[in-house]
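Hi everyone, thanks for coming. Let me put the structure up on the screen, and then we can walk around it together.

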Amino acid sequence: MNMLQRIEHALEPLQAEFQQVLDESHMHSRGLETHFKAVLVSSQFAGLNAVKRHQRVYAVLGELMGQMHALA
(Lines give C-alpha, C1' and ligand atoms only; values in the text may rest on other atoms or scores of the structure.)
Protein backbone atom coordinates (compact mmCIF):
# COMPACT_ATOMS: atom_id res chain seq x y z
CA MET A 1 0.00 0.00 0.00
CA ASN A 2 1.49 3.36 -0.98
CA MET A 3 1.42 6.45 1.25
CA LEU A 4 -1.62 7.98 -0.49
CA GLN A 5 -3.62 4.80 0.11
CA ARG A 6 -2.44 4.65 3.73
CA ILE A 7 -3.60 8.25 4.27
CA GLU A 8 -6.99 7.56 2.67
CA HIS A 9 -7.45 4.48 4.85
CA ALA A 10 -6.38 6.31 8.03
CA LEU A 11 -8.94 9.08 7.37
CA GLU A 12 -11.89 6.65 7.26
CA PRO A 13 -12.88 7.21 10.94
CA LEU A 14 -13.77 10.81 10.04
CA GLN A 15 -16.63 9.43 7.90
CA ALA A 16 -16.18 12.14 5.30
CA GLU A 17 -19.04 12.89 2.95
CA PHE A 18 -16.33 14.07 0.54
CA GLN A 19 -12.69 13.06 0.65
CA GLN A 20 -9.93 13.81 -1.83
CA VAL A 21 -6.27 13.10 -1.12
CA LEU A 22 -3.72 14.26 -3.65
CA ASP A 23 -0.04 13.37 -3.86
CA GLU A 24 1.69 16.66 -4.63
CA SER A 25 5.18 15.24 -4.16
CA HIS A 26 6.06 15.71 -7.83
CA MET A 27 6.07 19.48 -7.21
CA HIS A 28 8.47 19.23 -4.26
CA SER A 29 10.63 16.10 -4.32
CA ARG A 30 12.01 13.62 -6.79
CA GLY A 31 10.15 10.34 -6.55
CA LEU A 32 9.53 10.54 -2.82
CA GLU A 33 6.05 10.44 -1.28
CA THR A 34 6.46 13.51 0.92
CA HIS A 35 3.82 16.16 0.13
CA PHE A 36 0.06 15.61 0.24
CA LYS A 37 -3.13 17.62 0.14
CA ALA A 38 -6.35 16.43 1.77
CA VAL A 39 -9.77 17.95 1.24
CA LEU A 40 -12.42 16.61 3.62
CA VAL A 41 -16.04 17.40 4.33
CA SER A 42 -17.30 15.68 7.46
CA SER A 43 -20.11 16.31 9.91
CA GLN A 44 -17.50 15.66 12.62
CA PHE A 45 -16.07 19.10 11.78
CA ALA A 46 -19.35 20.92 12.51
CA GLY A 47 -18.78 23.81 14.90
CA LEU A 48 -14.98 23.40 14.89
CA ASN A 49 -12.62 26.16 13.81
CA ALA A 50 -9.84 25.45 11.30
CA VAL A 51 -7.26 24.66 13.99
CA LYS A 52 -9.54 22.10 15.66
CA ARG A 53 -10.39 20.51 12.29
CA HIS A 54 -6.67 20.18 11.48
CA GLN A 55 -6.00 18.69 14.91
CA ARG A 56 -8.74 16.11 14.33
CA VAL A 57 -7.18 15.12 10.98
CA TYR A 58 -3.67 14.95 12.46
CA ALA A 59 -4.96 12.79 15.32
CA VAL A 60 -6.45 10.14 13.03
CA LEU A 61 -3.32 10.13 10.86
CA GLY A 62 -1.18 9.50 13.93
CA GLU A 63 2.27 8.16 13.08
CA LEU A 64 1.74 8.77 9.36
CA MET A 65 2.27 12.49 10.06
CA GLY A 66 5.91 11.72 10.89
CA GLN A 67 6.36 9.88 7.60
CA MET A 68 5.57 12.83 5.33
CA HIS A 69 7.05 16.29 5.01
CA ALA A 70 3.84 18.26 4.45
CA LEU A 71 0.08 17.91 4.50
CA ALA A 72 -2.10 20.74 3.27
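Which element gives the largest share of the lining of the largest pocket? Before I tell you, please keep in mind that this is a predicted model. The element is α2, with four residues in that lining.

Let's stay with the pocket for a moment. Its volume is about 200 Å³. Around the largest pocket you will find A38, V39, L40, F45, R53, H54, V57, Y58, L71 and A72. Two elements give two or more residues to this lining, namely β2 and α2, and α2 covers residues 50-61.

Next, follow V39 out to the surface. V39 joins F18 and V41 in a nonpolar surface patch of about 230 Å². F18 sits in strand β1, which spans residues 18-23. Is F18 buried, partly exposed or exposed? F18 counts as partly exposed, because its relative accessibility is 41%, and the partly exposed class lies between 20% and 50%.

Now to strand β2, which runs over residues 35-41 and includes H35. Why does H35 count as buried? Its relative accessibility is 12%, and the buried class is anything under 20%. So H35 falls in the buried class with that 12%. And what does H35 touch? Leaving aside residues up to four places away in sequence, H35 is in contact with L22, D23, E24, S25, H28, H69 and A70.

From there, please look at the loop between β1 and β2, where M27 is found. M27 has a relative accessibility of 52% and therefore counts as exposed. How far apart are the C-alpha atoms of M27 and A50? They are separated by 25 Å, and the two residues are 23 apart along the chain.

My last stop is Q15, in the loop between α1, residues 3-10, and β1. What is unusual here is a matter of backbone angles. Most residues other than glycine have a negative phi. Q15 is not a glycine, yet it has a positive phi of about 45 degrees. Q15 is also exposed, with a relative accessible area of 58%.

So that is our little tour. To bring two of the stops back together: α2 gives the largest share of the pocket lining, while V39 belongs to the nonpolar patch with F18 and V41. Thanks for listening, and I'm happy to go back to any of these places on the screen.

Conventions
Residues numbered from 1 in each chain as written. Predicted model: local features only at pLDDT ≥ 70, side-chain atom pairs only at ≥ 80, totals over all residues. Heavy atoms only, no water. Buried < 20%, exposed > 50% of the residue type's maximum accessible area, 1.4 Å probe, protein only. Contact = heavy atoms within 4.5 Å. Patch = residues over 30% accessible without salt bridge, like charges linked within 9 Å, V, L, I, M, F, W, Y side chains within 5 Å. Areas by Shrake-Rupley, 256 points an atom, 1.4 Å probe, with all protein chains shown as cover. Salt bridge = Lys/Arg side-chain N within 4 Å of Asp/Glu carboxyl O. 1 Å grid on protein atoms, 1.4 Å probe; cavity = no way out; pocket = protein on both sides within 12 Å on 5 of 7 lines; lining within 4 Å. Points joined across faces, edges and corners; volume = space filled by probe spheres on them.
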